[in-house]
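Got the viewer open? Take this stop by stop, selecting as you go.

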Amino acid sequence: MAPAARVVRALWPGGCALSWRLGGRPQPLLPTQSRAGFAGAAGGPRAVAAARKGSPRLLGAAALALGGALGLYHTARWHLRAQDLHAERSAGQLSLSSRLQLTLYQYKTCPFCSKVRAFLDFHALPYQVVEVNPVRRAEIKFSSYRKVPILVAQEGESLQQLNDSSVIISALKTYLVSGQPLEEIITYYPAMKAVNDQGREVTEFGNKYWLMLNEKEAQQVYGGKEARTEEMKWRQWADDWLVHLISPNVYRTPTEALASFDYIVREGKFGAVEGAVAKYMGAAAMYLISKRLKSRHRLQDNVREDLYEAADKWVAAVGKDRPFMGGQKPNLADLAVYGVLRVMEGLDAFDDLMQHTHIQPWYLRVERAITEASLAH
């Protein structure tokens with residue numbers, strides 16, 4: 001593949017975490033025996049390539065429904081073990097966050113990577129960042145999973161690789177709340193195989209929006225079932241809809257496409273030649289691709305209107321009686337939506353979004369909450 005094509009493919013939001021899903025009805029997802037996407041071998045992390053294709057709504061609904069059933073099973077399984085695990089925790093053990101050594105492999109401008117960073121920063125989890133060259137991707141040569149984000153977590157002698165932004169977030173949140181070993185937690189998010197409308201086998205992760213908590217822990221986090229369901233719904237909405245509005249908006253015109261790639265090259269990890277190729281050839285290619293995306297996702301002629309509608313829909317869901325969807329502090333849905341939108345900062349699409357919707361007060365509140373959380377620790 002030519003360098004220019006690899007740059008475009010890598011920096012397309014689908015290439016950074018999940019491949020863009022084509023229209024059509026996917027086949028039902030089937031659980032596999034493999035713990036695809038994770039690894040615990042001392043010799044280095046292992047991973048299985050994953051992609052998400054098929055109808056966003058139908059595939060998402062199927063995954064959420066099946067994930068719900070599996071989530072209940074694993075919650076019950078964990079509930080039976082909870083007392084024993086709690087008894088094993090000594091009063092003098094180190095804080096959970098300090099027991100983890102985290103390395104995030106990312107593209108800085110990838111919305112899925114931005115979601116993970118928002119979560120890590122809000123929860124004050126220390127982590128190292130490895131910026132991946134989107135052409136050579138030598139930084140992730142250890143992994144057969146070739147998308148980012150990839151999070152490598154070391155807990156004692158155990159080394160785990162986590163793929164998929166939503167799985168990373170759910171697994172780490174479960175870890176922070178319950179104290180279960182991360183090696184066990186990741187088994188609750190199994191890889192599932194499906195066949196898309198092109199006849200290709202693709203991988204989805206089960207339970208990805210579920211936190212694997214017992215009843216007491218779930219009550220502590222959510223306060224009620226409605227809050228848990230709401231959080232899961234809007235986390236999935238961020239993945240299935242909001243993220244697909246980014247590329248058509250930041251590459252809407254040739255001028256915007258060039259400005260976007262200038263930002264990508266400036267913030268990313270490119271050589272001099274690669275940067276020049278990415279800026280000009282990548283911008284031209286993504287401008288053309290954005291037109292296809294508009295048609296594929298059935299967006300309006302003025303794609304800004306879809307972005308505005310999505311933002312105001314989110315604001316309406318948060319409502320006027322609480323600062324965040326999570327109440328007095330951001331929940332995982334708040335952090336997901338914020339993370340996706342943040343990658344547009346500094347571009348015309350972001351400025352237009354702040355000016356023409358009601359989202360700015362909420363956005364600034366989340367930004368402030370993340371900053372204060374980081375400073376507090």
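Start by selecting Thr174: is it buried or exposed? Thr174 counts as buried, because its relative accessibility is 0%. Keep in mind along the way that this is a predicted model.

**Stop 1: around Thr174**

Thr174 is part of helix α5. Show what it touches beyond its neighbours within four places in sequence: the contacts are Gly179, Gln180, Ile185, Tyr189, Trp210, Leu211, Met212 and Leu213. Now add Glu217 and draw a C-alpha to C-alpha distance from Thr174: you should get 9.4 Å, for two residues 43 apart in sequence.

**Stop 2: zoom out**

Color by secondary structure and you'll find 15 helices and seven strands in the protein chain. Of its 377 residues, 58% are buried. Take the contacts between residues at least 6 apart in sequence: 73% of them join residues at least 24 apart. Switch on the surface if you like; the chain exposes about 16,500 Å², with carbon and sulfur atoms supplying 54% of that.

**Stop 3: the open sheet**

Next, select β2, β3, β4 and β5. In what order do these four strands sit in the sheet? Reading across, it goes β3-β2-β4-β5, an open sheet with mixed pairing. The edges are β3 (127-131) and β5 (158-163), each pairing on one side only. From one strand to the next, the twist averages 20°.

Look at the β2 and β3 pair: β2 covers residues 100-106, runs parallel to β3 and is joined to it by five bridges. To see one partnership, pick Gln106, whose bridge partner in β3 is Glu131.

Then bring in helix α4 (residues 111-122), which lies across β2 and β3 and runs at about 155° to β2. Step on into the loop between α4 and β3 and stop at Ala124. Its phi is near 55°, a positive value in a residue other than glycine. Ala124 counts as buried, because its relative accessibility is 17%, and the cut-off for buried is under 20%.

**Stop 4: the hairpin side**

Follow the chain to the loop between β3 and β4 (150-155), where Pro149 sits. Check the peptide bond between Val148 and Pro149: it is cis, with omega about 10°.

From there, trace β4 into β5. The two strands make a hairpin with two residues between them, and Gly156 in the turn has a positive phi of about 65°. β4 and β5 run antiparallel, joined by six bridges. Glu155 is a good one to click on: its bridge partner in β5 is Ser158.

How many of the six residues of β5 are buried? The count is six of six. Show the side chains to see both faces covered: Ser158, Gln160 and Leu162 lie on one side, with Leu159, Gln161 and Asn163 on the other.

Just past this strand, select Asp164, in the loop between β5 and α5 (165-178). Asp164 has a positive phi of about 80° although it is not a glycine. Asp164 counts as buried because its relative accessibility is 1%.

**Stop 5: a cysteine check**

Select the cysteines and look for disulfides: the structure holds zero. Cys113 is in none, and the nearest cysteine sulfur to its own belongs to Cys110, 3.4 Å away. That is too far to qualify, because a disulfide needs the two sulfur atoms within 2.5 Å. Cys113 is also buried, with a relative accessible area of 0%.

**Stop 6: helices toward the end of the chain**

Jump to helix α12 (residues 303-318) and run a quick length check. At 1.5 Å a residue, its 16 residues should span 22 Å, and the end C-alpha atoms are 23 Å apart, so the two agree. Highlight its buried residues, among them Leu307, Tyr308, Ala311 and Trp314. As a viewing aid, remember that an α-helix has 3.6 residues a turn, so residues three or four places apart point the same way. Right after α12 comes Gly319, with a positive phi near 85°.

Finish on helix α14 (residues 348-356), where Ala349, Phe350, Asp352, Leu353 and Met354 are buried. What covers them? Select α9 (246-250), α10 (254-267), α12, α13 (332-342) and α15 (360-376), which are included in that cover.

Methods
Residues numbered from 1 in each chain as written. Predicted model: local features only at pLDDT ≥ 70, side-chain atom pairs only at ≥ 80, totals over all residues. Heavy atoms only, no water. Buried < 20%, exposed > 50% of the residue type's maximum accessible area, 1.4 Å probe, protein only. Pairing = 2+ DSSP bridges. Axes fitted to C-alpha atoms, helices over the stretch in contact; angles between N-to-C directions. Contact = heavy atoms within 4.5 Å. Expected span 1.5 Å × (residues − 1). Areas by Shrake-Rupley, 256 points an atom, 1.4 Å probe, with all protein chains shown as cover.
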